[in-house]
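Colleague: I am new to reading protein models. Could you take me through some features one at a time?

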Amino acid sequence: MFLFSVCLIFPSLFVFVTGGKLPEPEVKIEVLHKPFMCYRNSKYGDMLLVHHEGYLESNGTLFFSSRKHGDTNPVWFTLGIREVIKGWDKGLKDMCAGERRKLTVPSSLAYGKEGKGKIPPGSALIFDIELMEIRNGPRSHDSFREMDLNDDWKLCREEVREYLKKEFEKHGYSPNDTNHEVMVDDIFKNEDEDEDGFISAREFTYQHDEL
């Protein structure tokens with residue numbers, strides 16, 4: 001498994017009233033700051049780097065701050081594939097780098113009836129989120145074109161190997177790590193569906209999540 005998390009699929013909850021489905025609660029979005037120049041808006045599939053603070057709506061208690069807790073670094077996640085709560089996936093679309101938003105998230109789009117850690121069951125939450133950076137996600141068309149060095153619409157082992165080297169270097173690891181070849185083998189085992197020695201654009205877009 002490579003650097004990116006596998007998408008987790010959760011079953012939908014359907015509630016029927018007189019034969020109809022109740023509308024899903026919405027996330028309340030308030031823009032606190034937006035940069036004068038916006039070169040790119042976030043979309044599903046993008047990787048976002050954010051700083052965030054989370055509060056209980058009921059009493060304003062701070063339950064987490066990426067600037068104060070843990071390693072105090074901003075966090076990366078991929079938008080729209082349930083790496084984060086559903087309220088974030090809904091509330092952070094069409095956002096610019098440098099923008100800050102306040103999200104009020106109902107319990108059903110956060111941690112629901114179970115709660116989590118310092119968050120009691122059934123809690124609505126408030127988040128103050130600053131988007132620091134937007135990058136192409138691991139399954140975007142742009143990512144494929146970036147990896148496809150000779151523009152032949154398929155990825156060979158060398159192109160995947162070069163991509164891994166760049167990603168490791170970008171995250172502070174040695175670009176010559178001996179694990180690269182093992183990863184390349186694993187990627188082609190899972191991704192090369194027709195076993196022709198290449199990963200096609202279709203296989204890249206619709207298959208697995210190792211890249």
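Colleague: Is C156 buried, exposed or partly exposed, and what is its relative accessibility?

Modeller: C156 is partly exposed, because its relative accessibility is 23%. Buried means under 20%, and exposed means over 50%. Keep in mind that this is a predicted model.

Colleague: How far should I trust the prediction? What is the average pLDDT of the protein chain?

Modeller: The protein chain averages a pLDDT of 81. A score of at least 70 is reached by 80% of the residues. Over residues 1-20 the pLDDT is below 50. That stretch has 33 contacts in the model beyond near neighbours in sequence. Residues 206-211 also have a pLDDT below 50. Their stretch has 28 contacts beyond near neighbours in sequence.

Colleague: Now disulfides. What is the general idea, and which residues are joined here?

Modeller: A disulfide is a covalent bond between the sulfur atoms of two cysteines. The count in this model comes to 1 disulfide. C38 is joined to C96, with 1.9 Å from S to S. The pair links distant parts of the chain, 58 residues apart. C38 sits in the loop between β3 (28-33) and β4 (47-56). C96 sits in the loop between α1 and β7.

Colleague: Which hand does the link of C38 and C96 have?

Modeller: The link is left-handed, with -100° about the S-S bond.

Colleague: Are C38 and C96 buried or exposed?

Modeller: They fall into separate classes. C38 is partly exposed, because its relative accessible area is 32%. C96 has 1% relative accessibility, so C96 counts as buried.

Colleague: What else is in the loop that holds C96? Where is E99 found?

Modeller: E99 is found in the loop between α1 (86-91) and β7 (100-105). E99 has a relative accessible area of 1%, so this residue is buried. The side chain of E99 makes a polar contact with the side chain of R101, at 2.8 Å.

Colleague: Which residues does E99 touch, leaving aside those up to four places away in sequence?

Modeller: E99 touches V31, H33, K34, P35, D94, I129, E130 and L131. One of these, D94, lies in the loop between α1 and β7. D94 brings us to backbone angles.

Colleague: What should I look for in phi?

Modeller: Most residues other than glycine have a negative phi. Here D94 has a positive phi, near 55°. E195 has a positive phi of about 55°, although E195 is not a glycine.

Colleague: Where is E195, and is it buried or exposed?

Modeller: E195 is in the loop between α4 (179-191) and β10 (199-200). Its relative accessible area is 71%, so E195 is exposed.

Colleague: Next, helices. How do I check the length of α3?

Modeller: Take 1.5 Å a residue and compare the expected span with the end C-alpha atoms. Helix α3 covers residues 157-170, which is 14 residues. The span should be 20 Å, and the end C-alpha atoms are 20 Å apart, so the two agree.

Colleague: Which residues of α3 are buried?

Modeller: E159, V160, R161, Y163, L164, E167 and F168 are buried.

Colleague: How do I use the helical turn?

Modeller: An α-helix has 3.6 residues a turn, so residues three or four places apart point the same way. K165 and E162 are 3 residues apart in helix α3, so about one helical turn separates them. K165 forms a salt bridge with E162, and the closest N and O atoms are 3.7 Å apart. K165 is partly exposed, because its relative accessible area is 24%. E162 is partly exposed too, with a relative accessible area of 26%.

Colleague: What is the idea behind salt bridges, and how many does the structure hold?

Modeller: Side chains of opposite charge can pair when their charged atoms come close. The structure holds 9 salt bridges.

Colleague: Which residues are linked in a network of salt bridges?

Modeller: R40, K43 and D46 are linked in such a network. R40 meets D46 at 3.0 Å, N to O. K43 also forms a salt bridge with D46, with the closest N and O atoms 3.1 Å apart.

Colleague: Are the residues R40, K43 and D46 buried or exposed?

Modeller: D46 counts as buried, because its relative accessibility is 1%. R40 has 28% relative accessibility, so R40 counts as partly exposed. K43 is partly exposed, with a relative accessible area of 41%.

Methods:
Residues are numbered from 1 along each chain as its sequence is written. Side-chain values use heavy atoms; hydrogens and water are left out. Helices (H or I, at least four residues) and strands (E, at least two) are DSSP runs, numbered from the N terminus. Buried means under 20% relative accessible area, exposed over 50%, partly exposed in between (1.4 Å probe, protein chains only). A polar contact is a pair of N or O atoms within 3.5 Å; within protein, one must be able to donate a hydrogen and the other to accept it, and residues adjacent in sequence count only if both atoms are side-chain atoms. Contact means heavy atoms within 4.5 Å. A disulfide is a pair of cysteine sulfur atoms within 2.5 Å. The expected span of a helix is 1.5 Å times one less than its number of residues. A salt bridge is a side-chain nitrogen of Lys or Arg within 4 Å of a carboxyl oxygen of Asp or Glu. pLDDT is the predictor's confidence in each residue, from 0 to 100.
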